[in-house]
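User: Could you take a close look at one loop for me, and then walk outward from there to the rings and helices around it? I'd like one connected picture.

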Amino acid sequence: MNTVVRDVSIFGEAIAYFNEAADLLELDSGMRQILTHPTRQIIFSIPFQRDSGEFEVFTAYRVQYNFARGPAKGGIRYHPGVTLDEVTALAFWMTWKCAVVDLPFGGAKGGVTCDPSTLSSSELERITRRYAADLVEVVGPDKDVPAPDVNTTPQVMAWFMDTYSMHVRQNQPGVVTGKPIEIGGSRGRVEATGRGVTICALDQMREMGIDPKRASIAVQGFGNVGLNAAKLFAERGSKVVAISDVTGAYHNPEGVDVDAAVTYARKFRTLEGFGGAERISNAELLVSECDVLVPAALENVFTAENAPKVKAKLVVEGANGPTTPEADRIFKERGITVIPDIMGNAGGVTVSYFEWAQDRMGYFWKEKEVNERLEDVLLSNLHEIREITRRRGATLRTAAYTLAIDRVVRALKLRGIYS
Ligand code: NAD
């Protein structure tokens, strides 16, 4: 057995999942080496001027993990916890996510280590424009296509696209996805990741004999992914019994009024002070009574400590990397089904692909068409993963990695290794 040495980093933990699938595929050590090294890691400094006139410097990253199947693709994160290790892990996951839903993209991710809650809109714009300007040579519709992630919005994508277009002296909407519709964004992109979470969850619930109309759902995180997933679950008649954001969690066994929570969160940019539900801690939400649990915040949420207490039958990973390998083993032992991040949250990048394709054609689809194509892409690949679980006796996570790695390896072998 060829085993890649495991670190105690997020990227190291991510490689543990890769190794399991690589063992099943009997991947040779050369291919393992290639696929466990990022193609390019860029670290740079962003000097920017505060509204007060003072200067500050933030560290920024772009990791282009793999290009075998097409231009690199992956979001940009603005968060105080952003590190090279985290961005590399996220770029690694993007490689498998794009492959598992069969998109013609490689994987990338970017980030700036900053706290957006302390930044005004004009400060955010200056940081974004400088970040984009420093990356002009290495991004582009045929090179690397960023998108939104934690704390980055369609507005941030608009500034990125405008800066890039100014530098290359032509309008290039396809350089980023997740843009506002007015400047080349796709209908349905804002809701796409949350919609993908519900599409995968509902299909898996059917498979497990859980009636969506009787099911209770808990959602951790109430941003782009969590908010839209909660909204769509409620629209499908499921009972959302708990929601949360960074300020805390809100629990109501009779069902949280999701529309009211959405209105509240949009008005105050937080759930802090939201009524109609009992206030509990974020830790309590993760072990609360529910059928389906959707982590939609950050990494390393499920650990060896809380995994034995999780009561959900199904975990659908809206966030990237919410389950540590130890917790994953515990879920497996306890018979808790997990739809892994690379499948569960692939709705976002799938509609990003649709946006990129529409930008290149200059022809835009109706929302219904986007949503139908999204469902088709996700379900056909989820069903393929399920078939692998049956054939190989693997978990959905290992099966998803197996499918994704196999697709990347085929592309690499066809192209050949240029050495
Ligand atoms: P976001 O910034 O819109 O929202 C993040 C949410 O998580 C916020 O409500 C925040 O308050 C909450 N949060 C932060 N720390 C928390 C904590 N400790 N406990 C509970 N809640 C907490 O970000 P997003 O775009 O929704 O991304 C969430 C996750 O989904 C990330 O892992 C991201 O990588 C992943 N993801 C996002 C997309 C996308 O299209 N936006 C696509 C795929 C995956």
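Analyst: Happy to. Let's begin at Asp102, which sits in the loop between H3 and S4. Please keep in mind that this is a predicted model. Asp102 is not a glycine, yet its phi is positive, at about 60°. For background, most residues other than glycine have a negative phi. How open is Asp102 to its surroundings? Its relative accessible area is 43%, so Asp102 is classed as partly exposed.

The loop between helix H3 (84–100) and strand S4 (107–113) also holds Phe105. Phe105 has a relative accessibility of 1% and therefore counts as buried, whereas Asp102 is partly exposed.

Phe105 takes us on to the aromatic rings. A pair of such rings is described by the distance of the centres and the angle of the planes. The model has 19 aromatic pairs in total. One of them joins Phe105 and Trp356 in an edge-to-face arrangement, with 4.9 Å from centre to centre and 65° between the planes. This pair links distant parts of the chain, since Trp356 belongs to helix H12 (residues 346–361) and the two partners are 251 residues apart. Trp356 has a relative accessibility of 10%; because buried means under 20%, Trp356 counts as buried too.

A pair with a shorter reach in sequence is useful to set beside it. Tyr264 and Phe274 are also edge-to-face, at 5.8 Å centre to centre and 65° between the planes. Tyr264 is in helix H8 (residues 258–268) and Phe274 in the loop between H8 and strand S9 (278–280), so this pair ties together parts that are 10 residues apart in sequence. Both Tyr264 and Phe274 are buried.

Back to H3, the helix that leads into our loop. Two packed helices are described by the angle between their axes and the distance between the axes. The axis of H3 comes within 8 Å of the axis of helix H14 (residues 396–415), and the two cross at roughly 90°. H3 and H14 are therefore roughly perpendicular to each other. On the H3 side, the contact is made by Trp93, Thr95, Trp96, Ala99 and Val100, while H14 contributes Ala400, Tyr401, Leu403, Ala404, Ile405, Arg407 and Val408. By class, that contact has 10 nonpolar residues, one polar and one charged.

Trp96 has a second role here: together with Phe11, Phe18, Tyr65 and Phe92, Trp96 forms one aromatic cluster.

H14 also offers a link to another ring. Arg397 lies over the face of Tyr17, at 4.4 Å from the ring centre. A comparable arrangement places Arg373 over the face of Trp365, at 4.0 Å from the ring centre.

Tyr17 brings us to helix H1. The axes of helix H1 (residues 10–24) and helix H10 (residues 325–333) come within 10 Å and cross at roughly 40°. H1 and H10 are therefore oblique to each other. Glu13, Ala16 and Tyr17 from H1 meet Pro325, Glu326 and Asp328 from H10. By class, this contact has three nonpolar and three charged residues, with no polar ones.

To close, there is a counterpart to our starting residue just beyond H1. Glu26 is found in the loop between H1 and helix H2 (29–35). Glu26 has a positive phi near 50° despite being a residue other than glycine. With a relative accessible area of 69%, Glu26 is exposed, whereas Asp102 is partly exposed.

Note on methods
Residues are numbered from 1 along each chain as its sequence is written. This is a predicted model: local features need pLDDT of at least 70, side-chain atom pairs count only at pLDDT 80 or more; totals for chains, interfaces and linings use all residues. Side-chain values use heavy atoms; hydrogens and water are left out. Rings of Phe, Tyr and Trp (its six-membered ring) pair if their centres lie within 6.5 Å; planes under 30 degrees apart count as stacked, over 60 as edge-to-face and the rest as tilted. Helices (H or I, at least four residues) and strands (E, at least two) are DSSP runs, numbered from the N terminus. Buried means under 20% relative accessible area, exposed over 50%, partly exposed in between (1.4 Å probe, protein chains only). A charge sits over a ring if NZ of Lys or CZ of Arg is within 6 Å of the ring centre and within 35 degrees of the ring normal. Axes are lines fitted to C-alpha atoms, for helices over the stretch in contact, and angles run from 0 to 180 degrees between N-to-C directions. Angles under 35 degrees count as roughly parallel, over 145 as roughly antiparallel, 65 to 115 as roughly perpendicular and the rest as oblique. Contact means heavy atoms within 4.5 Å. Ala, Val, Leu, Ile, Met, Phe, Trp, Tyr, Cys and Pro count as nonpolar, Asp, Glu, Lys and Arg as charged, and the others, Gly among them, as polar.
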